Amino acid sequence: MIKINFFNKINLPIKINLQKYIAIIYNIRIAAIASLGGFLFGFDIAAVNGAIVAVQNKFGVEISGMWLSVSPTLIGAAAGAFAGGLLAERFGQKLCMIFAAALFFASGFATGNHFAMHDFIFWRVICGLAIGMANVVIPRYIAETAPSNFRGRLGSFQQLAIVLGILAGMLINLFLVKISGSAQNILWFGFETWRWMFWMECIPAIFYGIFVLNLPESPRFLVAKERIDDAKKVLEKLLDKTKIDEKINDIRKTIASGTSINIINLYSKTSRGKTRLYPAVIAGLLIAILQQFSGINVIFYYGNALWQSVGIKENHSLLIGIIISAVNVLTTIVAIFLIDKKGRKPLLLIGSAGIFVAWITMSLIFGSAQTDVNTNPVLHGVPAILAIISTIICVIFFSISWGPVVWVMLGEMFNNKIRGAALSLAGLLQWLANLTLCTTYPPLVKAFGFGGVYGIYAFFALFGFFFVLGKVQETVGKELEEM
């Protein structure tokens, strides 16, 4: 006599769905923890924004020399980005993230503790190394652990973490300034407020390092190192068990056994025998550069100084920064829901158009504004309100497009063979573009005024629109082994 267990048949789909949801939760958890490196990046941006005027006054730096507060970080970030991708190939993403957390802690503590300009510059370079390394390793780690059907949403966690870090840092800056009265005033234990802005960075750095210790290593790294059993253990938590062997075989097919990953692998032969970069590499490098030439980081690095230069008080300029950061967070959350549904390319096109309109408006407002005795534009009434609104619009369109999408695409648009080298090169160029943007901003403002500089950023937004339209391929829904 055959017994049929009716309840087992009923429970089978429930068990399958339960396993699926456990895997999704696990994916979300590891993506969120890895993205805390982005939070530290954003937190540091806020610290620089809040402290930049005080540092300028502390060392007697003119507006054309304010890049000394920003550029050392970006120089370090360029080096960290280039080294991060290659180190991840050899030692794994997990170890690189732990090292970045240690650098974040050391730089945050020492930057606030410095007593000379050369000391300040050195520790800003160290902070840059941490930022560059984290922001290359994190998108790769998430791309290599996330399933293709919601890899975009998980990859967007990094950008969300960055903007949350900026918002958190801005709120802390405002809190500290409310207590002391100014970033230049003494706060606690005889130290100026701006020093405490940097010291606060040590707290999330400690938590980041602790949390990363519990992350699994990327299964693609484990397969590349022939640690197949370890890779299976990780994949058991990420995928349906029936697909694990198939996934490992797919990874193996795209990894050249015994071949080291280097920049030479980025080149291919054309039909005429000429050597050139892979089209995907060219596209990746250019979108990395164009993300920075959108001009967005001018708002976050120099926003506080900008609003004070046009006559807005320090506490009000900090409040404007908080409002902009809050909008940044909300629109980034919107992008997380759209990026897998609408695709990467449409979001980049929409973002480029919106950023172009915002910068053109800002260019007209500041270009036609009256100036004071120091040639700074003076904004009152409707022009001042329009300038703030245009800034917010620029942030909105960036944070639903170029902000999260570029990080996601850089993590997924290269195949396994070239991903490490391509990410290293893209990261290097991205930070060099950021360095170029932020170091040229003060002297360009001095030479051409705010209106002229914002017109330049509008041009790059327009160029970005047509480049994406003609050269960038959609990556949504594709497995990394298909790239």
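Student: What makes Gly295 stand out in the stretch just after helix 13?

Tutor: In this predicted model, Gly295 takes a positive phi of about 85°, and its place is just after helix 13.

Student: How do you know that helix 13 has the span expected of its number of residues?

Tutor: Helix 13 runs over residues 279-293, which is 15 residues, and from its first C-alpha to its last it reaches 21 Å, close to the 21 Å expected at 1.5 Å a residue. Residues buried in this helix include Val281, Leu285, Ile287, Leu290 and Phe293. Ile287 is also among the residues with the most contacts inside the largest nonpolar core, which has 115 residues. Helix 19 (residues 419-471) gives the most to this core, with 18 residues. Another core, of 18 residues, lies apart from it and has Ala54, Met117, Leu176 and Val177 among its members.

Student: Why is the contact between Asp44 and Arg124 called a salt bridge?

Tutor: The side chains of Asp44 and Arg124 meet at 2.6 Å, N to O, and the cut-off for a salt bridge is a side-chain nitrogen of Lys or Arg within 4 Å of a carboxyl oxygen of Asp or Glu, so the name applies. The pair links distant parts of the chain, with Asp44 in helix 2 (residues 36-59) and Arg124 in helix 5 (residues 117-145), 80 residues apart. Both Asp44 and Arg124 are buried.

Student: How many salt bridges does a search of the whole structure find, and what makes Arg195 and Glu192 count as one?

Tutor: The search finds two salt bridges. For Arg195 and Glu192, the closest N and O atoms are 2.7 Å apart, and the limit is within 4 Å, so this pair qualifies. Arg195 and Glu192 are buried as well.

Student: Why are helix 7 and helix 18 called oblique to each other?

Tutor: Helix 7 (residues 157-180) and helix 18 (residues 402-412) pack at an angle of about 140°, with their axes 8 Å apart. Angles over 145 degrees count as roughly antiparallel and 65 to 115 as roughly perpendicular, with under 35 kept for roughly parallel and the rest called oblique; helix 7 and helix 18 are therefore oblique. The crossing of these two helices is right-handed.

Student: How do you know whether Ala231 is buried or exposed?

Tutor: Ala231 has 0% relative accessibility, and the cut-off for buried is under 20%, so Ala231 counts as buried. This residue is found in helix 11 (residues 228-238). Ala231 and Arg220 are 11 residues apart in sequence and 7.5 Å apart in space, C-alpha to C-alpha.

Notes: Residues numbered from 1 in each chain as written. Predicted model: local features only at pLDDT ≥ 70, side-chain atom pairs only at ≥ 80, totals over all residues. Heavy atoms only, no water. Helix = DSSP H or I, 4+ residues; strand = E, 2+ residues; numbered from the N terminus. Expected span 1.5 Å × (residues − 1). Buried < 20%, exposed > 50% of the residue type's maximum accessible area, 1.4 Å probe, protein only. Core = buried A, V, L, I, M, F, W, Y, C linked by side-chain atoms within 4.5 Å. Axes fitted to C-alpha atoms, helices over the stretch in contact; angles between N-to-C directions. Left-handed = near helix turned anticlockwise from the far one by under 90°.
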